[in-house]
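User: Could you take one part of this model and walk me through it closely? I'd like to know what it pairs with, how covered it is, and how it sits in the rest of the protein.

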Amino acid sequence: MNHMPPLASLRSFEAVARLGSITRAAAELHVTHSAISQQIKQLELLLGLPLFVREGRGLRLNEDGRLYALQIRRALEDIGEATRLVRDRPEREALTIAVMPSFGAQWLLPRLPRFQARHPLYRIHLQASLGVQDLRQSGIDLAIRMGQGNWEGLERRRLFDDELLLVASPRLNGGDLPQTPQQALRLPLIRTAEPWLRWCQAAGVDEPPADLGLWINDSNLVLEALRLCQGIALERRSLVQGALARGELVQLTGISVPYAFPYWRVWQSGEGVGQKHEDFGRWLDEEAALYRASIGQAP
């Protein structure tokens, strides 16, 4: 880059070479005749050789000038095209999605690269929180929530239902896993806020005492405790299905019970759905349909 001539000199030279006249080049570039002459002299001094043959008051390219003009014209065209591409390139648009931490980590995040591959111009902002956020005041485009779907002021679309199942690491107890619910409940328990009563009723066993087991209030920590073989846990299928598919966890017994709260896509009522919301919503509905099909859940 140390030998790079000034751009003004190159543009002046290319214009004179193409138009065959300093006067016409000055008019095209909106500068004076003397300015063009000065730029040509400066370029020839930098190169150490003449580019034109002076004929009276006119100029004619010599052989060095002709070859140089061809290369400079291509270079300036490349600069112009690069500038056009940058100027015309659409801006990356932010898409802010509110999601629960466990669902975001275990269900949404592994699938998100497929959306980004389809829509690379969106900048995804995941806003993880256990609280119910005000979409309008928080600048959130849409949210994925779990509940009965009765949020005031929000439009909603149901994604899928969930269920509770008993899971553990395949390495727990040296790989000697229980075959019955009674045997399973003799192992260390990892407890969450999820109630055991319905599962125990379906399994025909007594509900374990509430003060028994390791209590954890975050499902991501529960999954890590399971991988560390610290016990068994009753968890939502949406959070453990990936680990089950990878063989990191196994379901203990074939018993599962419906979970009371489905997942929903929600957005602010009374506002037109923009293109980014439409794109993400369509993709999310497709992913939810694929997930339902993979676990045999009816549409």
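**A close look at strand β12**

Analyst: Let's start with one pair: M146 has Y263 of β12 standing opposite it. Before going further, keep in mind that this is a predicted model, and everything below is computed from it.

Strand β12 covers residues 263-268. Is it buried or exposed? Mostly covered: six of its six residues come out as buried. The cut-off there is a relative accessible area under 20%. If you're used to picturing strands, you'll know the general rule that side chains alternate between the two faces of the sheet in a regular strand.

Now the partners. One is strand β5, residues 142-146, which pairs with β12 in the antiparallel sense over four bridges. The M146 and Y263 pair we opened with belongs here. Another is strand β6, residues 154-160, and that pairing is antiparallel too, this time over six bridges. For a landmark on the β6 side, look at R158: its bridge partner in β12 is W264. So if you click on Y263 you can look across to M146, and if you click on W264 you can look across to R158.

Follow the chain on from β6 and you get to D162, so let's go there next. D162 makes a salt bridge with R236, with N and O 3.8 Å apart. D162 sits in the loop between β6 and β7 (163-168), whereas R236 belongs to strand β10 (residues 232-236), so this pair ties together parts 74 residues apart in sequence. Like the residues of β12, both D162 and R236 are buried. As for the chemistry, oppositely charged side chains can pair when their charged atoms come close.

Staying with salt bridges, how many are there in the whole structure? A search finds 21. One of them joins E248 and R227, whose closest N and O atoms are 3.2 Å apart. Because E248 is in the loop between α10 (237-246) and β11 (250-258) while R227 is in helix α9 (residues 219-227), this bridge ties together parts 21 residues apart in sequence. Here the cover is different from the D162 case: E248 is partly exposed at 29% relative accessibility, and R227 is partly exposed as well, at 22%. Elsewhere, E14, R18, E28 and R73 are joined into one network by salt bridges that share partners.

Zoom in on that network and you'll find R18 and E28, with their closest N and O atoms 2.7 Å apart. R18 lies in helix α1 (residues 7-19) and E28 in helix α2 (residues 22-29), so the bridge ties together parts 10 residues apart in sequence. R18 is partly exposed, at 39% relative accessible area, and E28 is partly exposed too, at 37%.

For another strand to set beside β12, try β3, residues 93-99. Six of its seven residues are buried, so β3 is largely enclosed by the rest of the structure. The pairing runs the other way here: β3 and strand β4 (residues 122-128) are parallel, joined by seven bridges. On that pairing, I97 has L126 in β4 as its bridge partner.

Burial isn't just a strand thing, either. L43, in helix α3, counts as buried at 1% relative accessibility. Leaving out residues up to four places away in sequence, L43 touches P5, S9, L10, F13, L51 and Y68. L46 is found in helix α3 too (residues 33-47), but it is partly exposed, with a relative accessible area of 43%. Together with L47 and L49, L46 makes a nonpolar surface patch of about 220 Å².

Finally, step back to see what β12 belongs to. The protein has 11 helices and 12 strands, and buried residues make up 42% of its 299 residues. Of the contacts between residues at least 6 apart in sequence, 72% join residues at least 24 apart. As for overall dimensions, the C-alpha atoms fill a box of roughly 110 × 50 × 30 Å along the principal axes. The radius of gyration is 34 Å, while a compact globule of 299 residues would have one near 19 Å. The exposed area is about 16,700 Å², with carbon and sulfur atoms supplying 52% of it.

Methods
Residues are numbered from 1 along each chain as its sequence is written. This is a predicted model: local features need pLDDT of at least 70, side-chain atom pairs count only at pLDDT 80 or more; totals for chains, interfaces and linings use all residues. Side-chain values use heavy atoms; hydrogens and water are left out. Patches are made of residues with over 30% relative accessible area and no salt bridge: like charges are joined within 9 Å, nonpolar side chains (Val, Leu, Ile, Met, Phe, Trp, Tyr) within 5 Å. Accessible areas come from the Shrake-Rupley method with a 1.4 Å probe; for residues, only the protein chains shown count as cover. A salt bridge is a side-chain nitrogen of Lys or Arg within 4 Å of a carboxyl oxygen of Asp or Glu. Helices (H or I, at least four residues) and strands (E, at least two) are DSSP runs, numbered from the N terminus. Buried means under 20% relative accessible area, exposed over 50%, partly exposed in between (1.4 Å probe, protein chains only). Two strands pair if DSSP finds at least two bridges between them. The radius of gyration is taken over C-alpha atoms; the globule rule is 2.2 Å times the number of residues to the power 0.38. Contact means heavy atoms within 4.5 Å.
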